[in-house]
Amino acid sequence: MTIERYETGPRMSQAVAHGDLVFLAGQVAADVVGTGVTAQTQQILEQIDRLLMATGSDKARILSATVYLADIGNFAEMNAAWDAWVDKANPPARATVEARLAGPEYLVEIVVTAVRGKS
């Protein structure tokens with residue numbers, strides 16, 4: 001089977017598909033200046049929607065998500081954006097952990113694995 005790579009750069013691809021599986025790289029907010037956890041999460045979820053669409057999938061087909069928070073104390077703020085976005089009929093398995101992210105400006109990072117197809 002062919003491996004398809006999307007938005008590929010010298011270090012990584014933003015998405016990789018193999019067969020029916022889609023793997024997204026960790027997504028962080030593109031515009032972090034003056035933004036909080038909820039706003040960063042909303043930006044990330046929009047990026048996830050865009051990447052899933054490019055690979056032939058959508059949020060209803062997400063199998064698993066891992067959310068990394070710079071401060072686990074911001075769990076409720078992240079969930080405010082997540083709960084407004086997630087497909088309530090098809091919620092994925094999810095873990096949320098506290099982690100030091102690539103830079104102090106990043107408050108949230110989300111990694112997703114999905115299956116291709118439209119729900």
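**Close-up 1. Glu 7 is partly exposed in this predicted model.** Its relative accessible area is 44%. Glu 7 belongs to strand E1, which covers residues 3–8. Its phi is positive, at about 50°, although Glu 7 is not a glycine. Glu 7 also appears among the residues that line the largest pocket.

**Close-up 2. A salt bridge joins Arg 50 and Glu 7.** The N to O distance is 2.3 Å. Arg 50 lies in helix H1 and Glu 7 in strand E1, so the pair ties together parts that are 43 residues apart in sequence. Arg 50 is partly exposed, at 40% relative accessibility. Glu 7 is partly exposed too, at 44%. Side chains of opposite charge can pair when their charged atoms come close.

**Close-up 3. Glu 4 and Arg 116 form a salt bridge.** Their closest N and O atoms are 2.7 Å apart. Glu 4 sits in strand E1 and Arg 116 in the segment after E6, so this pair links parts that are 112 residues apart in sequence. The accessibilities of the two partners fall in separate classes: Glu 4 counts as partly exposed at 30%, whereas Arg 116 counts as buried at 18%. The cut-off for buried is under 20% relative accessible area. The whole structure holds 2 salt bridges.

**Close-up 4. The largest pocket holds about 160 Å³ of space.** Helix H1, residues 37–55, gives the most to its lining, with 3 residues. The lining includes Gln 47, Arg 50 and Leu 51. Also among the lining residues are Met 12, Gln 14, Gly 26, Gln 27 and Val 28. Ala 102, Tyr 106 and Glu 109 line the pocket as well. Both partners of the Arg 50 to Glu 7 salt bridge are in the list of lining residues.

**Close-up 5. Strands E2 and E3 form a hairpin.** Strand E2 spans residues 13–18, and strand E3 spans residues 21–24. There are 2 residues between the strands. Gly 19, in the turn, has a positive phi of about 60°. The strands run antiparallel and are joined by 4 bridges. Ala 15 has Leu 24 in E3 as its bridge partner.

**Close-up 6. Strand E3 also pairs with strand E6.** E6 covers residues 108–115. The two strands run antiparallel, with 3 bridges between them. Val 22 stands opposite Ala 114 in E6. E3 is thus shown here with E6, after its pairing with E2 in the previous view.

**Close-up 7. Side chains alternate along strand E3.** Val 22 and Leu 24 point to one face and are buried. Leu 21 and Phe 23 point to the other face and are not buried. In a regular strand the side chains alternate between the two faces of the sheet. The buried residues also take part in the pairings shown above: Leu 24 is the bridge partner of Ala 15, and Val 22 stands opposite Ala 114.

**Close-up 8. Leu 21, Phe 23 and Leu 63 make a nonpolar surface patch.** The patch covers about 250 Å². Phe 23 is found in strand E3. Phe 23 is partly exposed, with a relative accessible area of 38%. Leu 21 and Phe 23 point to the E3 face whose side chains are not buried.

Conventions: Residues are numbered from 1 along each chain as its sequence is written. This is a predicted model: local features need pLDDT of at least 70, side-chain atom pairs count only at pLDDT 80 or more; totals for chains, interfaces and linings use all residues. Side-chain values use heavy atoms; hydrogens and water are left out. Buried means under 20% relative accessible area, exposed over 50%, partly exposed in between (1.4 Å probe, protein chains only). Two strands pair if DSSP finds at least two bridges between them. Patches are made of residues with over 30% relative accessible area and no salt bridge: like charges are joined within 9 Å, nonpolar side chains (Val, Leu, Ile, Met, Phe, Trp, Tyr) within 5 Å. Accessible areas come from the Shrake-Rupley method with a 1.4 Å probe; for residues, only the protein chains shown count as cover. A salt bridge is a side-chain nitrogen of Lys or Arg within 4 Å of a carboxyl oxygen of Asp or Glu. On a 1 Å grid over the protein atoms alone, a cavity is a set of points where a 1.4 Å probe fits but cannot get out, and a pocket is an open set with protein on both sides within 12 Å along at least five of seven lines; lining residues have an atom within 4 Å of a point. Grid points are joined across faces, edges and corners, and a volume is the space filled by probe spheres set on the points.
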